[in-house]
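Colleague: I would like a close look at a single part of this protein. Please take the open sheet, and walk me through what lies around it.

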Amino acid sequence: MERVGRLQPDFRGACGENRSTRQADDRCHPSESPSHRSQPAKKGALSRCIGRTKGGLNSKLHAVTDGLGRPLLLFLTAGQATDYQGARHLLDRLPKAKELLADRGYDADWFRNGLKDKGISPCIPPRKKRRAPAEYDTILYKQRYRIENMFGRIKDWRRIATRYDRCAHTFLSAIMIAATCCYWLD
C-alpha cells in the first residue's frame, strides 16, 4: 500500500511483467500497419498531369488527328506545361502525312525542322513576338476547326470535361474510351 496522496512512480511493472519482455500491441505489429493507400505517395513519384493555370487546376491534351478530325494519337501534360513538351513526345510517333496543322503554341524552329525531316510540311502560324515570322498556308489552316471540334466532342462527356479522375493514366483512359466511342464505333 502506498501512503495517502502518493502514486507509484513507475507503472511498468504494475502487471507483474517487464516492458522489455512484454509483447507489443497488435496495432504496432509491422505486418498489421495501415494499408499503403492511406500513406501519402512520395512527391513526384507519379505525375498526375494536373497543373496550376490562371483558371485553376488543369490538364492539357495534345492530339494528332487524321484529315477528318478523328484522333490517332493522344498525349496528356500538366496545364502549365508548354506545348513544346507535347510536341517533343508526339514528333517521333507521327504517322505519314503531307501537312501538319497546329496552333501557335507549337511554333518552334526545332519542331518545324523535325517535321521537314519527316517529309511533312508544317502549317503553323507564327507566334506574335517572333522576329522572323515563318510563312504558312492561311487557307489550309482554316481546316483546323476539325481538330477543335474533336476536342469539343470529347468534352461532351462530363467525366472528361470536369476531370473526375485523379490519376493521369485513368483520365487518359477515359479520354481514349470517349474518343473511341465518338469516332471509331460509328
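**The sheet and its surroundings**

Modeller: T65 is buried, because its relative accessible area is 16%, under the 20% cut-off. Keep in mind that this is a predicted model. T65 sits in strand 2, which covers residues 56-65. Beyond its neighbours within four places in sequence, T65 is in contact with R70, P71, L72, I147 and M150.

Now the sheet itself. The sheet is open and has three strands, in the order 1-2-3, and the pairing is antiparallel. Strand 1 (51-53) and strand 3 (71-78) are the edge strands. Each has a single partner strand, so one side of each lacks a neighbour in the sheet. From one strand to the next, the twist averages 50 degrees. In general, the strands of a sheet pair through backbone hydrogen bonds, either parallel or antiparallel. Here, strand 1 and strand 2 run antiparallel and are joined by three bridges. G51 stands opposite N58 of strand 2.

Next, the helices over the sheet. Helix 1 (residues 83-91) lies across strand 2 and strand 3. Its direction is at about 135 degrees to strand 3. Helix 6 (residues 168-184) also lies across strand 2 and strand 3. For helix 6, the angle to strand 3 is about 155 degrees.

Then the packing. The largest nonpolar core has 16 residues. L76, I154, I160 and I175 touch the most other members. Strand 3, helix 4 (145-154) and helix 6 each give two or more residues to this core. Helix 6 provides the largest share, with eight residues. Look at L76 in detail. Not counting residues up to four places away in sequence, L76 touches C49, S59, K60, L61, R163, A168, F171, L172 and I175. There is also a second, separate core of 15 residues. Among its members are V64, F75, I120 and I124.

Finally, the wider setting. The protein has six helices and five strands. From the N terminus, the elements run β-β-β-α-β-α-β-α-α-α-α. Of its 186 residues, 31% count as buried. Take the contacts between residues at least 6 apart in sequence: 39% of them join residues at least 24 apart. The accessible surface of the protein comes to about 14,100 Å², and 52% of that belongs to carbon and sulfur atoms.

Key. Residues are numbered from 1 along each chain as its sequence is written. This is a predicted model: local features need pLDDT of at least 70, side-chain atom pairs count only at pLDDT 80 or more; totals for chains, interfaces and linings use all residues. Side-chain values use heavy atoms; hydrogens and water are left out. Helices (H or I, at least four residues) and strands (E, at least two) are DSSP runs, numbered from the N terminus. Buried means under 20% relative accessible area, exposed over 50%, partly exposed in between (1.4 Å probe, protein chains only). Contact means heavy atoms within 4.5 Å. Accessible areas come from the Shrake-Rupley method with a 1.4 Å probe; for residues, only the protein chains shown count as cover. Two strands pair if DSSP finds at least two bridges between them. Axes are lines fitted to C-alpha atoms, for helices over the stretch in contact, and angles run from 0 to 180 degrees between N-to-C directions. A nonpolar core is a set of buried Ala, Val, Leu, Ile, Met, Phe, Trp, Tyr and Cys residues joined through side-chain atoms within 4.5 Å.
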